[in-house]
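Colleague: Before we discuss this model, may I see the sequence and the coordinates together? I should then like to put several questions to you.

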Amino acid sequence: MKWDKVEREIQYLFHLNLRNMLIGQYTHELDPKKRLTLPSKWRALLGKKVVVTNGLDNSLFVFPIKQWEEVATKLAQNSFGNRDSRDFNRFMLAHAFETDVDASGRILIPDTLKDFAKLNNKVVLAGMYSRIELWDEEEWKKYSAKTLGEADALASKLSELGII
């Protein structure tokens, strides 16, 4: 009987954790005013404000405010005496833009970030657990095809490092 309760608790926590993750991918259109609609499934997790900034691989990162505060704090702890730290902090922090999520679930993408990620009309929103990546649809297709072909080799490398 005791183990049944433990198992139910584990299942509940697992289900709760899944609901608190930004996962999956969606394709939405960037409107003429440079607004992008967030998937309704993610809106409660993201809250009323998000931070959009440069991402890696020519994408943009979208963070809930709380997650952004953690990332920004870690970045701020980097030594400004180290050139790589300064450069990466500038890349992430100087281009960060806080934006409201409007009543329709849309966020504004500033021109500088839109240009950086080469976003056209169709944008892929890819959930990465605690952040979202925004990709131009065509760039995402190219990147996905490339990564799909390398998945086994990537898994092997991560396994050697003890990550998976």
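The questions below concern the fold, the aromatic pairs and a helix packing in this predicted model.

Colleague: How many helices and strands does the secondary structure of the chain come to?

Modeller: Read along the sequence, the elements follow the pattern α-β-β-α-β-β-α-α-β-β-α-β-β-α. The secondary structure therefore comes to six helices and eight strands.

Colleague: What share of the 164 residues in the chain is buried?

Modeller: A residue is taken as buried if its relative accessible area is under 20%. By that criterion, the buried share of the 164 residues is 30%.

Colleague: What is the geometry of the aromatic pair formed by Tyr26 and Trp42?

Modeller: The structure holds eight aromatic pairs, and one of them joins Tyr26 and Trp42, with 5.0 Å centre to centre and 90° between the planes. Planes over 60 degrees apart count as edge-to-face. The geometry of the Tyr26 and Trp42 pair is therefore edge-to-face.

Colleague: How many residues apart are Tyr26 and Trp42, which link distant parts of the chain?

Modeller: Tyr26 belongs to strand β1 (residues 22–29), whereas Trp42 belongs to helix α2 (residues 40–46). The separation of Tyr26 and Trp42 along the chain is 16 residues.

Colleague: Is Tyr26 buried, partly exposed or exposed?

Modeller: Its partner Trp42 has a relative accessible area of 1% and is buried. For Tyr26 the relative accessible area is 26%. Since partly exposed covers the range between under 20% and over 50%, Tyr26 is therefore partly exposed.

Colleague: Are Trp135 and Trp140 buried or exposed?

Modeller: These residues form an edge-to-face aromatic pair, at 5.4 Å centre to centre and 65° between the planes. Trp135 has 3% relative accessibility, and Trp140 has 13%. Because buried means under 20%, Trp135 and Trp140 both count as buried.

Colleague: Which residue lies over the face of Phe61?

Modeller: Phe61 forms one aromatic cluster with Phe63 and Trp68. At 4.3 Å from the ring centre of Phe61, the residue over its face is Arg131.

Colleague: How are helices α3 and α4 oriented, roughly parallel or roughly antiparallel?

Modeller: Helix α3 (residues 65–76) and helix α4 (residues 83–93) pack with their axes 10 Å apart, at an angle of about 155°. The contact is made by Trp68, Ala72 and Leu75 of α3 and by Phe88, Asn89, Met92 and Leu93 of α4. The crossing is left-handed. Because angles over 145 degrees count as roughly antiparallel, α3 is roughly antiparallel to α4.

Technical notes: Residues numbered from 1 in each chain as written. Predicted model: local features only at pLDDT ≥ 70, side-chain atom pairs only at ≥ 80, totals over all residues. Heavy atoms only, no water. Phe/Tyr/Trp six-rings, centres within 6.5 Å; stacked < 30°, edge-to-face > 60°. Helix = DSSP H or I, 4+ residues; strand = E, 2+ residues; numbered from the N terminus. Buried < 20%, exposed > 50% of the residue type's maximum accessible area, 1.4 Å probe, protein only. Lys NZ or Arg CZ within 6 Å of the ring centre and 35° of its normal. Axes fitted to C-alpha atoms, helices over the stretch in contact; angles between N-to-C directions. Parallel < 35°, antiparallel > 145°, perpendicular 65-115°, else oblique. Left-handed = near helix turned anticlockwise from the far one by under 90°. Contact = heavy atoms within 4.5 Å.
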